[in-house]
Amino acid sequence: MEKNDHHHKAESALKVNEGIEQPASINPMLENEMIRFRKNRPTVKDFLSGIRAGNRNLLGQAITQIESARTEDQVMATELINACLPFSGKSIRIGITGVPGVGKSTFIETFGLYLISLGKKVAVLAIDPSSTRTKGSILGDKTRMEELSVHTEAFIRPSASSGTLGGVTRSTREALILCEAAGFDVILIETVGVGQSETAVSRLVDFFMLLMLAGGGDELQGIKRGIIEMADLIVINKADGDNMLKANLAKREYENALHLFPPLASGWIPKTVTASALKNIGIENTWNIVDEFVNQTSTNGYFQKNRHEQSKHILRETISHALNNHFFNNEKMTKRLFFLEQQVIADRMNPYQAAHQLLEEYFHLR
Ligand code: GDP
């Protein structure tokens, strides 16, 4: 049978000449490609030296690794973050929020270019967990920040295109570390001011800026009181042309309103300014206020204290994230969870009993 087969092959047009070694793999081309890919893929050392040298291409690739869910990439990402951490922490981290249309990207472009004119390097990151639904509502659109995005002293990174708020926040925090290791002096973290992401952003940044419009009213602008309370600075944008008067009026209103809020832990009294991102008005003033904040809070110790608080939060969050993963990735537990869910639905157990039982089983798992 074998002989026949061999004979048949030898006669066919597909016959292989003697003396040519037969490859072991079914698809040698693919295997070679994979080897070449793995060989060429930057190592942690390559990434680190590239990032430290300010190579934006490698920085971008490294952030992609961070965002990847593949275990192999995750292991590398963790190593890279650890390697970058000693070089991080030296930037000023600014959160920028406001409803769509308020002028965030225009503002970031003008503000970013101004900072570059001062000799600073500027990175822009975004937190937008909704971007899967809206196909990249923030930064996704290529026409945004045209001038800034091509500048050699700038780096713009859109939000990870998928994931939960927690996941996107984690990868943004890690991207921030890499950007700092790459020598960026100011990191702007943009988010849409309508949801939960502001609290997440406030835990990543030193200074929180809220962009508003004159004459909109908080409710009309969909801004929650909690977000206003978080702001170190309110920028009334589009203070140009016919809008000037209204903007100045709004500035006074917000100044009065801010007085009624409880004082911030930083000891900083939140400020309100008018600006026009489009006409480049009030941009220098905005930066001077950030600078004043950094000076004041560095002197009174809040700046470091806030970063320490943020580190404590990262520690706890990392633990709870890992525990959570460990539990929900455990096949035995998920099977039991599914079973107990049915018990709860059938009213044979209440959810607290079920949770308690499941945790008992989990803690005694060996
Ligand atoms: P985002 O959705 O918050 O990022 O807002 P954009 O930056 O995309 O701006 C929305 C619109 O407002 C655009 O048409 C901008 O040109 C315009 N805009 C932004 N800033 C200003 C400003 O300071 N003055 C005026 N008049 N228009 C502005």
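Okay, let's start with a helix and its neighbours: the buried residues of α12 pack against β5 (207–213), α11 (225–230), β6 (233–237) and β7 (271–274). Before I go on, keep in mind that this is a predicted model.

So which residues of α12 are the buried ones? They're A247, A250, Y254 and L258. These four sit on the same side of α12, because they cover an arc of only 70° around the axis. Flip over to the other side of α12 and you find L245, E253, N256, H259 and L260, which are exposed.

As for the helix itself, α12 runs over residues 244–260, so to speak 17 residues in total. From its first C-alpha to its last it reaches 25 Å, and that's close to the 24 Å expected at 1.5 Å a residue.

Right, on to the strands. I'd like you to look at β2, residues 122–127. How many of its six residues are buried? Six of the six, in fact, which is what I mean by mostly covered. Both faces of the strand are covered. On one side you've got V122, V124 and A126, and on the other A123, L125 and I127, all of them buried.

And what does β2 pair with? One partner is β3, residues 154–157, which runs parallel to β2 and is joined to it by four bridges. If you want a residue pair to click on, take V124, whose bridge partner in β3 is I156. Another partner is β4, residues 186–192, again in the parallel sense, this time over six bridges. Here the pair to click on is A123 in β2 with I187 in β4.

Last stop, the inside. A search of the whole structure for cavities of 30 Å³ or more turns up one. The volume of the largest cavity is about 70 Å³. Its lining is made of 12 residues, and those nearest the centre are E67, A126, P158, T172 and A175. Which elements give two or more residues to that lining? That would be α4 (56–67), β2 and α9 (165–181). The largest share comes from α9, with four residues.

So β2 comes up again here. A126, one of the buried residues of that strand, is also among the residues nearest the centre of the largest cavity.

That's my tour: a helix with its buried residues on one side, a strand with both faces covered, and a cavity that the strand helps to line. Happy to pull any of it up on the screen.

Definitions and conventions:
Residues are numbered from 1 along each chain as its sequence is written. This is a predicted model: local features need pLDDT of at least 70, side-chain atom pairs count only at pLDDT 80 or more; totals for chains, interfaces and linings use all residues. Side-chain values use heavy atoms; hydrogens and water are left out. Buried means under 20% relative accessible area, exposed over 50%, partly exposed in between (1.4 Å probe, protein chains only). Two strands pair if DSSP finds at least two bridges between them. The expected span of a helix is 1.5 Å times one less than its number of residues. The arc is that of the directions from the helix axis to the C-beta atoms. Contact means heavy atoms within 4.5 Å. On a 1 Å grid over the protein atoms alone, a cavity is a set of points where a 1.4 Å probe fits but cannot get out, and a pocket is an open set with protein on both sides within 12 Å along at least five of seven lines; lining residues have an atom within 4 Å of a point. Grid points are joined across faces, edges and corners, and a volume is the space filled by probe spheres set on the points.
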